[in-house]
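Trainee: I have a new model on my screen. Can you walk me through it?
Mentor: Sure, take a look first.

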Amino acid sequence: MAKAGRSSQAMVSLFPGSPVATTAPPGFLDGFVSHIPLPRWALIAVAVAVAVLFLLFLICIIRCCCGKKKPKKKEKVSLLAFSGSTTTSLVQPEMEDLEQGPEEKGRGRLQYSLEYNFRVQELKVGVKQAADLKAMDNGGTSDPYVIIYLTLDMKKKYETKVYRKTLNPIFNESFTFQVPQTEVSEATLVMQVYDFNRFAKHNIIGEVRLPLASVSLQHVIEQWSDLAVASKVKQERLGEICFSLRYVPSTGKLTVLILEAKKLKRMDSHGLSDPFVKVHLILNKRKWKKKKTSVKKNTLSPYFNEVFVFEVPFNQIQNVDVVISVWDYDKVTKNEPIGKLFLGCRATGNQLRHWSDMLSNPRRPLAQWHSLQPADVVDKALGLKSHLKLPLTTR
């Protein structure tokens, strides 16, 4: 009977219209939702947002996994078959080629001639013609002319006439340089082709740089050369000077011995100079004492061997700068500076090293060669306050 009763009760619960109530417990989800203090529409919106984010996440994963291409098999390149510079050129191209690119090539060619007269030590440069120049104007032409100089004296430059609207100008002009035979191998001939512009800066089309040490000047040379991209302007060589420093702390005596100079810049029209040396002492960024050597006539490698002694107490040596400057003497016009350098605790490089060695080795003269620098660069580094001379106070 009990068994039949239970089955009849289950049959009744299947019909919703039946007055008999079911005893089944409510669902877990309904119970969880009923405990959240949010309206039903808010819960639905959150659920939809979570579902969308999850769907997007799945799409991203599928695209990343399926979108990867199969890696290609790496080709093994053996360099054993190549040797020398050929290998280098195949593995790593020249930096000039990378900088130029395909559009930078094809600047044109220049024909020139060289003739050196050993008797009078003159180099005659003939600028013949140019061909297939790069067009620099909007109309597909250029207005070319050529500037010629030697790296030994970059101030002395020649230039040809300007030829309008042509890529194949014929110049047929010659120029003469005074070059001592002993310095020919150190010189480089530079021929730069420019495009003339009346209202703006002239654009350089290309240049030819020819180290004279690479050619034989025993006979006349006439040849064509391709124009290359103009190289960056290098600092002009001003020369070198050798001097010694000696400091004795007990007596406060600073001795500067000017020995010699070499490869000085040409300042006169005949290709030489009349150099002399000034030695300035600067105290606390103000000019203080100065002395100078005698003038050596018509030379680029003067020998002085002149000594100067300055009294600098030990308590002031850290505040002193020694300025060495080489000048070209001129009887008619103003003397011109060839180059300068300074030593002291504010100096850098070889100058600071020479000064430090002097302080570390008292009573011992230390000689060293130094390269001259442009006068304006040194003056800016010194930052001089005024030209007043200050008396030295001793304790």
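Mentor: Start with pLDDT, the predictor's confidence in each residue, from 0 to 100. This is a predicted model, where local features need pLDDT of at least 70 and side-chain atom pairs count only at 80 or more, while totals for chains, interfaces and linings use all residues. Residues are numbered from 1 along each chain as its sequence is written, and side-chain values use heavy atoms, leaving out hydrogens and water.

Trainee: OK, what does the pLDDT of the chain average?
Mentor: The average is 78. Of the residues, 75% score at least 70.

Trainee: Where does pLDDT stay under 50?
Mentor: Residues 1-24 stay under 50. That stretch has two contacts beyond four places in sequence; a contact means heavy atoms within 4.5 Å. Residues 71-104 are also below 50, with 11 contacts beyond near neighbours in sequence.

Trainee: How many helices and strands does the chain have?
Mentor: Seven helices and 16 strands. Both are DSSP runs, numbered from the N terminus: helices are H or I with at least four residues, strands are E with at least two.

Trainee: And what share of the residues counts as buried?
Mentor: 34% of the 395 residues. Buried means under 20% relative accessible area, exposed means over 50%, and partly exposed is in between, with a 1.4 Å probe and protein chains only.

Trainee: What about contacts between residues far along the sequence?
Mentor: Take the contacts in the chain with a separation of 6 or more. Residues 24 or more positions apart account for 65% of them.

Trainee: Let's switch to salt bridges. How many are there?
Mentor: Five. The rule is a side-chain nitrogen of Lys or Arg within 4 Å of a carboxyl oxygen of Asp or Glu. One of them joins Arg 266 and Glu 183, at 2.4 Å from N to O. This pair links distant parts of the chain, 83 residues apart. Arg 266 sits in the loop between β10 (253-262) and β11 (275-283), and Glu 183 in the loop between β5 (170-178) and β6 (188-195).

Trainee: Are those two buried or exposed?
Mentor: Arg 266 is buried, at 7% relative accessible area. Glu 183 is buried too, at 16%.

Trainee: Got another pair?
Mentor: Lys 340 bridges to Asp 379, with the closest N and O atoms 2.9 Å apart. Lys 340 lies in strand β15 (residues 336-343) and Asp 379 in helix α7 (residues 375-382), so the bridge ties together parts 39 residues apart in sequence. Lys 340 is buried at 12%, whereas Asp 379 is partly exposed at 31%.
Mentor: Then there is Arg 209 with Glu 207, whose closest N and O atoms are 2.8 Å apart. Arg 209 is partly exposed at 33%, but Glu 207 is buried at 3%.

Trainee: Back to α7. Which residues there are buried?
Mentor: Ala 375, Val 378 and Leu 382. They are on the same side of α7, because they cover an arc of only 70° around the axis. The arc is that of the directions from the helix axis to the C-beta atoms.

Trainee: Why does that spacing work?
Mentor: An α-helix has 3.6 residues a turn, so residues three or four places apart point the same way.

Trainee: What covers the buried residues of α7?
Mentor: The cover includes β11, β14 (320-328) and β15. On the other side of α7, Asp 376 and Lys 380 are exposed. Just after α7 comes Gly 383, with a positive phi of about 60°.

Trainee: Any positive phi in residues other than glycine?
Mentor: Yes, Lys 263 has phi near 55°. Lys 263 is in the loop between β10 and β11 and is partly exposed at 33%. Arg 363 also has a positive phi, near 70°.

Trainee: Where is Arg 363?
Mentor: In the loop between α6 (349-360) and β16 (366-371). Arg 363 is partly exposed, at 47% relative accessibility.

Trainee: What does Arg 363 touch?
Mentor: Not counting residues up to four places away in sequence, Arg 363 touches Arg 246, Tyr 247, Val 248 and Ser 250. Lys 253 is 110 residues from Arg 363 in sequence, yet their C-alpha atoms are 9.4 Å apart in space.
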